[in-house]
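Work through the following exercises with the sequence and the model side by side. Each one sets a task and then solves it step by step.

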Amino acid sequence: MSEEEARRSLVPSRTRLLSLLKHAVFVETVWFGEAVTGRSRVDYGLPHDSKDSFLLDSTDTIASVSADYRAAVDRSHSAIEGMVLDTVLTGHRAGPMPLRWVLLHVLRELAQHCGHADILREQILAERGRRG
């Protein structure tokens with residue numbers, strides 16, 4: 001994917017390939033940062049509203065957002081290291097919840113957005129085929 005293709009708007013929402021990855025950084029950080037540590041989204045430099053996590057700025061690139069995602073996943077792994085599935089996490093604004101629920105929620109959210117990304121990727125590849 002080119003940088004332009006990753007930023008291309010193909011649907012009326014803010015959903016673009018690169019914005020999906022940026023949102024995944026938000027998801028990882030909220031559920032494994034905020035929920036585990038109790039630190040606020042603001043402390044992590046995240047938007048208050050999840051819809052704003054899809055917004056791209058001029059410095060966002062495939063490489064930079066990919067690096068941010070890898071770093072978020074590494075932080076997630078470190079945050080829950082040694083916890084058991086029944087560990088109750090108390091830092092999320094929705095209230096206490098077991099680690100098991102958080103893991104399943106993040107898995108569901110990422111799977112959903114992977115489906116969105118696959119559809120966008122297919123649209124981009126079809127457009128390439130029409131041009132080439």
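**Exercise 1. Find which residues are linked with Glu4 in a network of salt bridges, and describe the pairs within it.**

Solution. The network of salt bridges links Glu4, Arg8, Glu127 and Arg131, where a salt bridge is a side-chain nitrogen of Lys or Arg within 4 Å of a carboxyl oxygen of Asp or Glu. The model is a predicted one, in which local features need pLDDT of at least 70 and side-chain atom pairs count only at pLDDT 80 or more, while totals for chains, interfaces and linings use all residues. Residues are numbered from 1 along each chain as its sequence is written, and side-chain values use heavy atoms, with hydrogens and water left out.

Step one takes the pair Glu4 and Arg8, whose closest N and O atoms are 2.4 Å apart. Here buried means under 20% relative accessible area, exposed means over 50%, and partly exposed lies in between (1.4 Å probe, protein chains only). Glu4, at 45%, is therefore partly exposed, whereas Arg8, at 14%, is buried.

Step two takes Glu127 and Arg131, which form a salt bridge with 3.6 Å between the closest N and O atoms. Both belong to helix α4 (residues 99–131), and because they are four residues apart, about one helical turn separates them; helices (H or I, at least four residues) and strands (E, at least two) are DSSP runs, numbered from the N terminus. An α-helix has 3.6 residues a turn, so residues three or four places apart point the same way. Glu127 is partly exposed at 23%, and Arg131 is exposed at 58%.

**Exercise 2. Which parts of the chain does the salt bridge between Lys22 and Asp60 link?**

Solution. Begin with the contact itself: the side chains of Lys22 and Asp60 form a salt bridge with an N to O distance of 2.7 Å. The pair links distant parts of the chain, since Lys22 lies in helix α2 (residues 17–37) and Asp60 in the loop between α2 and α3 (62–80), 38 residues apart. Then compare the burial classes: Lys22 has 22% relative accessibility and is partly exposed, while Asp60 has 8% and is buried. By the rule given above, the count of salt bridges comes to 12.

**Exercise 3. Describe how far α4 reaches and what covers its buried residues.**

Solution. With 33 residues, α4 reaches 48 Å from its first C-alpha to its last, close to the expected 48 Å, the expected span being 1.5 Å times one less than the number of residues. Its buried residues include Leu99, Val102, His105 and Val106, and further along the helix Leu120 and Ile124 are buried as well. The cover over the buried residues of α4 includes α1 (3–7), α2, α3, β1 (88–89) and β2 (97–98), counting contact as heavy atoms within 4.5 Å.

**Exercise 4. Which elements give two or more residues to the largest nonpolar core?**

Solution. A nonpolar core is a set of buried Ala, Val, Leu, Ile, Met, Phe, Trp, Tyr and Cys residues joined through side-chain atoms within 4.5 Å. The largest one has 13 residues, and those touching the most other members are Val30, Trp31, Phe32, Leu89, Leu99, Val102 and Val106. The elements that give two or more residues are α2 and α4, and the largest share, six residues, comes from α2. Phe32 has contacts beyond four places in sequence that include Ser76, Ile80, Leu99 and Val106. Apart from this core lies another of five residues, among them Leu20, Phe54, Leu120 and Ile124.

**Exercise 5. Which side chain of opposite charge is nearest to Glu28, and what does Glu28 touch?**

Solution. Glu28, placed in helix α2, is buried yet has no salt bridge, and the nearest side chain of opposite charge is Arg75, 8.0 Å away; Lys and Arg count as positive and Asp and Glu as negative, with His and the chain ends not counted. The side chain of Glu28 does make a polar contact of 2.5 Å with that of Ser76, a polar contact being a pair of N or O atoms within 3.5 Å, where within protein one must be able to donate a hydrogen and the other to accept it, and residues adjacent in sequence count only if both atoms are side-chain atoms. Beyond four places in sequence, Glu28 touches residues including Tyr69, Val73, Ser76 and Leu110.
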